[in-house]
Amino acid sequence: KWARFPYQKTLLEFSIEAQNSLSERQLTQLQEINWLEQQYNLILLGPPGVGKTHLAVGLGIEAINKGFQVYFVTMGELIQLLKTEEFAHKSQVQMKRLRASDLVIIDDLMYMAMDQREANLFFQMINHLYEQSSIILTSNKSPDQWGELMGDEGITTAILDHLLHRVKVVHMNGDSYRMKNRQNLF
Ligand code: ADP
Ligand code: MG
C-alpha cells in the first residue's frame with residue numbers, strides 16, 4: 001500500500017517477445033519471487049525504453065500480491081528524502097516505510113551524479129537494507145561506470161560489495177519499446 005509506483009503495469013502486460021535478452025523461463029523464475037524470500041537483489045540494466053521500470057513495477061505488484069511490503073522510489077526522490085530526513089517530518093515518514101519494506105525498488109540509479117554527502121547517505125541506507133530486504137535497482141549505466149557518477153571509488157566499491165553479494169543481474173538490451181510502439185503521425 002506504500003509502493004507509490006509511477007504506473008500500474010503488471011507482468012501480464014510485459015511481452016517477452018520484445019526482450020531477446022530475457023527468456024520465458026527467467027521471467028517465470030523472477031515472477032515466483034523466490035529471490036525475494038532469499039533476500040537476493042536484482043539489477044536491471046539497459047538503455048532507456050527497454051522495459052526496466054515496467055519489469056520492476058510488475059515484480060513489485062507480484063510481491064505485494066504475495067504479501068510483501070514494497071516501496072518504489074526514483075533515485076532522485078531517494079536522494080531528496082535522505083537529505084531532508086533530519087528536519088522534514090514527511091521525509092522521516094517515507095524513509096521509515098522504505099526501511100521497513102521487504103523490497104525496495106530504486107529506479108534510475110545514476111540518473112544524475114552524486115556528491116560526497118549524497119553518496120555517503122546512499123551507502124548508509126544500502127548498508128541498513130542489505131541484511132533484511134531485497135533491492136531492485138534499475139540503471140542505464142553499467143556498474144563499472146557507477147564509481148564515476150558517485151564520485152567516490154571507495155564508497156562505490158562498498159555499495160557494490162553489498163549489492164552484488166547476492167544478486168541477479170538482468171541485461172535488457174532489446175530495442176526501445178517506446179520507439180517501436182509510438183504512433184506514427186504519417
Ligand atoms: P525503461 O527501461 O526506460 O524504464 P519502461 O519500462 O518505462 O522503460 O518502458 C517504456 C514503456 O514501454 C512503458 O510504457 C512500458 O510499459 C513499455 N514497455 C517496455 N518494455 C515492454 C515489454 N517488454 N512489454 C510491454 N511493454 C513494454
Ligand atoms: Mg525507467
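## Around valine 104, aspartate 108 and helix 6

Let us start inside this predicted model with valine 104, which, once neighbours within four places in sequence are set aside, is in contact with Tyr71, Leu98, Leu129, Ser133 and Ile135. Valine 104 also belongs to the largest nonpolar core, a set of 42 residues. Val104 is listed there among the residues with the most contacts inside that core, together with Leu44, Ile105, Ile106 and Ile136.

Strand 3 also holds aspartate 108. Is aspartate 108 buried or exposed? It has 20 C-beta neighbours inside 10 Å, so it counts as buried. Leaving out residues up to four places away in sequence, aspartate 108 touches Thr74, Met75, Thr138 and Ser139. Proline 48 lies 60 residues from aspartate 108 in sequence, yet their C-alpha atoms are 9.6 Å apart in space.

Now to helix 6, which runs over residues 116-129. Its 14 residues reach 20 Å from the first C-alpha to the last, close to the 20 Å expected at 1.5 Å a residue. Which residues of helix 6 are buried? They are Glu118, Ala119, Phe122, Met125, Ile126 and Leu129. Viewed down the helix axis, these buried residues fall within an arc of 125 degrees, so they line one face of helix 6. A general point helps here: an α-helix has 3.6 residues a turn, so residues three or four places apart point the same way. On the other side of helix 6, Gln116, Arg117, Gln124, Asn127 and His128 are exposed. One of the buried residues, Leu129, has already appeared as a contact of valine 104.

What do the buried residues of helix 6 pack against? The table gives their partners.

| Partner of the buried residues of helix 6 | Residues |
|---|---|
| Helix 4 | 75-84 |
| Strand 3 | 103-109 |
| Strand 4 | 134-139 |
| Helix 7 | 146-150 |
| Helix 8 | 153-165 |

Stepping back to the whole fold, the protein chain has 9 helices and 5 strands. Along the sequence they follow the pattern α-α-β-α-β-α-α-β-α-β-α-α-β-α. The radius of gyration is 16 Å, close to the 16 Å that the globule rule gives for 186 residues, so the chain is as compact as a globular protein of that length. Taken along the principal axes, its C-alpha atoms fill a box of roughly 50 × 35 × 35 Å. Of the 186 residues, 33% count as buried. Among contacts with a separation of 6 or more, 86% come from residues 24 or more positions apart.

Terms used. Residues numbered from 1 in each chain as written. Chains lettered and ligands numbered in written order. Predicted model: local features only at pLDDT ≥ 70, side-chain atom pairs only at ≥ 80, totals over all residues. Helix = DSSP H or I, 4+ residues; strand = E, 2+ residues; numbered from the N terminus. Expected span 1.5 Å × (residues − 1). Buried ≥ 20, exposed ≤ 12 C-beta atoms within 10 Å, placed from the backbone. Arc of directions from axis to C-beta. Contact = placed C-beta atoms within 7 Å. Core = buried A, V, L, I, M, F, W, Y, C linked by C-beta atoms within 7 Å. Rg over C-alpha atoms; globule rule 2.2 N^0.38 Å.
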